[in-house]
Amino acid sequence: MSENLIGYIDDQGSIIDTQSAGENCTAAPIEFDNSEKSLEIIRHSTAHLMAQAIKELYPDAQFFVGPVVDEGFYYDFRVNEKIGEEDLKTIEKKMKELIKKKYKIEKYEISKEEALKKFANDDLKLAVLSRIPDEMVSIYKQGEFEDLCRGPHVPALRFLHNFKLTRVAGAYLGGDENAEMLTRIYGIAFADKESLKNYLTMMAEAKKRDHRKIGAEMELFMFNEESGAGLPFWMPQGAKLRYKLEQILHKAHLVRGYEPVRGPEILKADMWRTSGHYACYGENMYLTEIDGHEYGIKPMNCIGHIQIFKQTQKSYRDLPLRYYEYGVVHRHEKSGVLHGLLRVREFTQDDAHIFCAPEQIASEVLEVVEFVDAVMKLFNFEYTMEISTKPEKAIGEDAVWEIATQGLKDALEENSLPYTIDEGGGAFYGPKIDIKITDAIGRKWQCGTIQVDFNLPERFEVEYVAEDNSRKRPVMIHRAILGSFERFIGILTEHYAGEFPFFLAPTQVIFVPISESHADYAYALKKKLTLEGIDSEVSDKNDSLNKRIRTAEKQRVPYVVIIGDEEVQNHSVAIRNRRVREQYNLTQDEFMVELTKQLQEGKI
């Protein structure tokens, strides 16, 4: 066995650790490196190392669960003492001491009945056991520490040198807001020191780019806890930015043959029962009663578009029919997962639904992929695609799911477009392609989605008249490119660090007249820019010239324009171009040409 072998992966993608593999294992070996499967094992094992260190430092600690997550790993636990960020270094030090003791990580199995007796005095362990349906359970042990765990783990602590504990948080037991609050510590781990260093550098840069910090500095948006958590307010600067993004998308939809529609934000609950949302998504919906009938505030826009499609008879000649809506939706997200604009309870989807014949699926999916490509190139995002298959909680027959999933695969494969598979990650009504973008500092974000749906047209008896005059069901393609305006603007703010491209910047020019006598010329230029669709301001407050220039530059405005005697006399402008870090002079006409040219860069 290789010294660097830490596990195996079988044909189904399941990971097996070295202790479970057996001598005749035919699964593919997993080496100690930064591959996805290897990191999963490393991070899972590091979570247990952290728990062992916590147990030594806080002997009364009791542990719940410690999974691997997108941002590394965490462990939820109960402890009498208050643990803060300042305690993380002490825990890290203890983790390093434990590694030096060269403990092996050993696995053993006992019956669930034995486990219930073994952990009879630990209510958190009993809570974990209540979630395990199997008759046998596995326990991983290192030194004196052991915990229930499905695994897999590395063979020994010597593999776990490159880690960092990142933050402390509170977490409700089992995610239930009515349950006890536990302590949660997050961490990250890699196979080598250089990767850890690069990650920490990226996270330091991410902290500077935090959209909540930049959003407050630029006065883009705000939250008010008295008004309700997860409900963003758009301030004038943010509303202008959002409007520009909406307009770019409006024009792009229209030239691609989409028609604008709008549905109500609340519908009778029976509609959501028919769709399957009530059964599969009801815990995320806001429900109320009106005139003795139950209603649900919409978490998605699809039902409204179905009703619009059904309002008049459609024929095969009408297909594909593409509806789009900037639809406001509400979802009951748990308070613990709310995060600025990235996770909110009210948001607006750049939503569209395409009604087409089955034989049109591939071409329509490709049209959407082209649309995605154009949007991502506009904002300098790299992206990948992932096909998500039928989840455990779903509606519809397996055969229908297989047809829809194969349709997505065929569309991408026939055009040599690479993709990965996320088993069980589909929407409850159909498989989907998820668009995952990479930002300026290398972080990945899930944004857009393309979903093929045979189920909702069936449930709502949607029909069109075929060429032979028979009635047929259309296929419904659900599609969002940004995902939501809120989340995408949060990502854009961090991607650009608030230095938005000219065509998107909330305020594109700030004029700074040197004295009162230059203000009239500045306001005349502002009016001219407004007529061309360019947002500008005049900074003529009773502050010093230098302070007004500094204030303008702090707003991350692309152009700061100084107006003095020479500029008024020559009908010119003295420019400070923030994006290229240059200062130069132009005539008024040359300036307008430069601005309108940059405005055109925002077309898709």
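Visitor: Why is there no bond between the sulfur of C447 and the closest cysteine sulfur?

Guide: A disulfide is a pair of cysteine sulfur atoms within 2.5 Å. The closest cysteine sulfur to that of C447 is in C302, 20 Å away, so it is too far for a bond. Before we go on: this is a predicted model, in which local features need pLDDT of at least 70 and side-chain atom pairs count only at pLDDT 80 or more, while totals for chains, interfaces and linings use all residues. Residues are numbered from 1 along each chain as its sequence is written, and side-chain values use heavy atoms, with hydrogens and water left out.

Visitor: What about C280, what rules out a bond there?

Guide: Its closest cysteine sulfur also belongs to C302, and at 12 Å that is too far for a bond. The structure holds 0 disulfides.

Visitor: What makes you call C447 buried?

Guide: Buried means under 20% relative accessible area, exposed over 50%, and partly exposed in between (1.4 Å probe, protein chains only). C447 comes in at 6% relative accessibility, so it counts as buried. C280 has 13%, so buried fits there too. Of the protein's 604 residues, 52% fall in the buried class.

Visitor: Where is S484, and how do you know what it touches?

Guide: S484 is in the loop between β26 (475-480) and α15 (485-496). Helices (H or I, at least four residues) and strands (E, at least two) are DSSP runs, numbered from the N terminus. Contact means heavy atoms within 4.5 Å. Leaving out residues up to four places away in sequence, S484 touches F347, T348, Q349 and D350. F347 is 137 residues from S484 in sequence, yet their C-alpha atoms are 6.5 Å apart. S484 has a relative accessible area of 7%, so it is buried.

Visitor: How buried is V372, and which residues does it touch?

Guide: V372 sits in helix α12. Its relative accessible area is 2%, so buried is the right word. It touches Y383, I435 and I481, again not counting residues up to four places away in sequence. V372 and A524 are 152 residues apart in sequence, with 40 Å between their C-alpha atoms.

Visitor: What makes a group of residues a nonpolar core?

Guide: It has to be a set of buried Ala, Val, Leu, Ile, Met, Phe, Trp, Tyr and Cys residues joined through side-chain atoms within 4.5 Å. The largest one here has 55 residues, and F379 and F488 touch the most other members. Helix α12 (residues 361-378) supplies the largest share, 9 residues. Contacts of F379 include F488, L492 and F503. There is also a second, separate core of 46 residues, with I30, M50, V79 and M95 among them. In soluble globular proteins, nonpolar side chains tend to be buried together.

Visitor: Why are β2 and β3 called edge strands?

Guide: Two strands pair if DSSP finds at least two bridges between them. The open sheet here has 3 strands in the order β2-β1-β3, paired antiparallel. β2 (15-16) and β3 (28-31) each have a single partner strand, so one side of each has no neighbour in the sheet. β1 (residues 5-9) and β2 are joined by 2 bridges, which meets the cut-off of at least two. Helix α2 (residues 36-57) packs on this sheet, touching β1, β2 and β3, and its direction makes about 120° with that of β1.

Visitor: How do you know that β16 and β17 pair?

Guide: β16 and β17 (residues 293-297) share 5 bridges in the antiparallel sense, and at least two are needed. Within this pairing, I290 stands opposite H293. They belong to an open antiparallel sheet of 3 strands, ordered β15-β17-β16.

Visitor: At what angle do α16 and α19 pack, and which hand is the crossing?

Guide: Axes are lines fitted to C-alpha atoms, for helices over the stretch in contact, and angles run from 0 to 180 degrees between N-to-C directions. α16 (residues 519-531) and α19 (residues 588-600) pack at about 35°, with axes 12 Å apart. A crossing is left-handed if the near helix is turned anticlockwise from the far one by less than a right angle, and right-handed if clockwise. The crossing of α16 and α19 is right-handed. Residues making the contact include Y521 and L525 of α16, and M592 and L595 of α19.
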